[in-house]
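Student: Could you take me on a close look at one part of this protein, the open sheet and whatever packs around it? I'd like one connected walk-through rather than a list.

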Amino acid sequence: MTGEGTPVGRRVVLGMVGLGAVGVVIGARVQSGLNRAVGPVGGRVSGLIPAAGGFRFYSVVDSVRRVDPADYRLTVGGLVEHPRTFRFADLQALPQTRMTDTFHCVTGWTVPDVAWAGVALPDLLDVVGVRPGARGVRFTSFDGAYTETLTLEQARRRDVIVATSMLGGPVSHEHGGPVRMYVAPMYGYKSTKWLGGIDLVPTVKPGYWETRGYDVDAWVGRSNGYTS
C-alpha cells in the first residue's frame with residue numbers, strides 16, 4: 001500500500017517559497033532536507049523536487065504508480081446521462097483545445113508560456129450529458145489520495161481542460177500524466193494530477209488542500225491571501 005508523506009499545512013507551504021527557490025539552485029539533497037524539516041500541521045507533501053524549466057513536482061503520497069497511455073482509463077460518472085470510461089485514444093479522438101498560459105503555484109512560483117492540449121472539460125461534459133441536480137464536478141487522482149472540485153459553472157469554462165499534452169509532448173509522469181487537469185484561471189492545486197475519475201455531484205465539497213486551509217475558489221491573484 002502506498003504510504004503518505006510528511007505532514008505540512010498551508011502556512012508552512014507558503015513559507016517554503018524562498019527555501020524552495022534555494023533548493024532549485026543547490027540541489028535535491030537540500031530540498032530533501034527541507035521535506036523532512038516541515039512539521040506535522042495538517043497536510044502532506046511527500047515530493048518537493050526541483051525540476052527543469054522552473055517547475056517543481058509535488059505529491060501527497062510517497063509514490064504514484066506509472067500508467068502507460070495504452071493502459072489509461074478515465075471514468076466519468078455521477079449525475080450524468082451516459083456514464084463512460086474513456087481510454088487515452090478516446091480522449092484524443094474528441095475535439096482538441098490548445099492553449100498557452102502561465103502556470104501559477106500557490107506557493108509563489110510561476111512558469112510562463114506553458115503549452116497545453118487536450119479536451120476542454122465542457123466538451124467532455126457534453127459527451128456524457130449533465131443531469132439536473134448537478135452543481136459541481138469532483139476530480140480524483142489515481143494516486144489514491146488527492147481530490148479536487150469545481151462548481152459546474154467553473155467547469156464549463158473553455159480554459160479548463162483534460163490535458164493529454166504539455167510542453168509540446170506527452171504529459172510526463174512527474175507532471176501528473178498521462179492525463180491531468182489544467183484549470184488555467186486558478187492556482188495549480190486545482191489542476192488534479194494523475195487524473196483517474198470525474199464525477200458530477202450535487203454539492204461542491206472541499207478538496208485535499210482545501211480541507212487543510214486553502215481557498216475553495218482558487219482564482220489567481222484573488223485568493224489565498226493574494227490580491228491583484
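**The open sheet and its surroundings**

Tutor: Let's start with the wide view: of the contacts in the protein with a separation of 6 or more, 67% are between residues 24 or more positions apart. Keep in mind that this is a predicted model. The protein's secondary structure comes to 6 helices and 14 strands, and buried residues make up 52% of its 228 residues.

Now zoom in on the sheet. It is an open one, built from 5 strands in the order β6-β5-β14-β9-β10, with mixed pairing. At the edges sit β6 (84-87) and β10 (147-151), each of which pairs on one side only. Ignoring direction, neighbouring strands of this sheet are turned by 20° against each other on average.

Inside that order, β5 and β14 run parallel and are joined by 4 bridges. If you want a spot to click on, try V76, whose bridge partner in β14 is I198. Then bring in the helix: α5 packs on the sheet and touches β5, β6, β9 and β14. The direction of α5 makes about 130° with that of β6.

That brings us to the nonpolar side of things. The largest nonpolar core has 44 residues, and L74, L121, L124, V162 and I198 are those with the most contacts inside it. Several elements give two or more residues to this core, including β5 (73-78), α5 (121-128), β9 (136-141) and β14 (195-201) from the region we just toured, along with β11 (160-166). The top contributor is α5, with 4 residues.

V162 is a good place to park the camera. Leaving out residues up to four places away in sequence, V162 touches L74, L121, L124 and I198, among others. Its partners also include L91, A117, V179, M181 and L195. Apart from this core lies another one, of 16 residues, with F57, V114, M166 and Y182 among them.

Finally, go back out to the edge of the sheet. T147 has its place in strand β10. Is this residue, T147, buried or exposed? T147 has a relative accessible area of 17%, so it counts as buried, the cut-off being under 20%. Its contacts, again not counting residues up to four places away in sequence, are R138, F139, T140, G207 and Y208.

For the outside view, the accessible surface of the whole protein comes to about 10,400 Å², and 53% of that belongs to carbon and sulfur atoms.

Conventions: Residues are numbered from 1 along each chain as its sequence is written. This is a predicted model: local features need pLDDT of at least 70, side-chain atom pairs count only at pLDDT 80 or more; totals for chains, interfaces and linings use all residues. Side-chain values use heavy atoms; hydrogens and water are left out. A nonpolar core is a set of buried Ala, Val, Leu, Ile, Met, Phe, Trp, Tyr and Cys residues joined through side-chain atoms within 4.5 Å. Buried means under 20% relative accessible area, exposed over 50%, partly exposed in between (1.4 Å probe, protein chains only). Contact means heavy atoms within 4.5 Å. Accessible areas come from the Shrake-Rupley method with a 1.4 Å probe; for residues, only the protein chains shown count as cover. Two strands pair if DSSP finds at least two bridges between them. Axes are lines fitted to C-alpha atoms, for helices over the stretch in contact, and angles run from 0 to 180 degrees between N-to-C directions.
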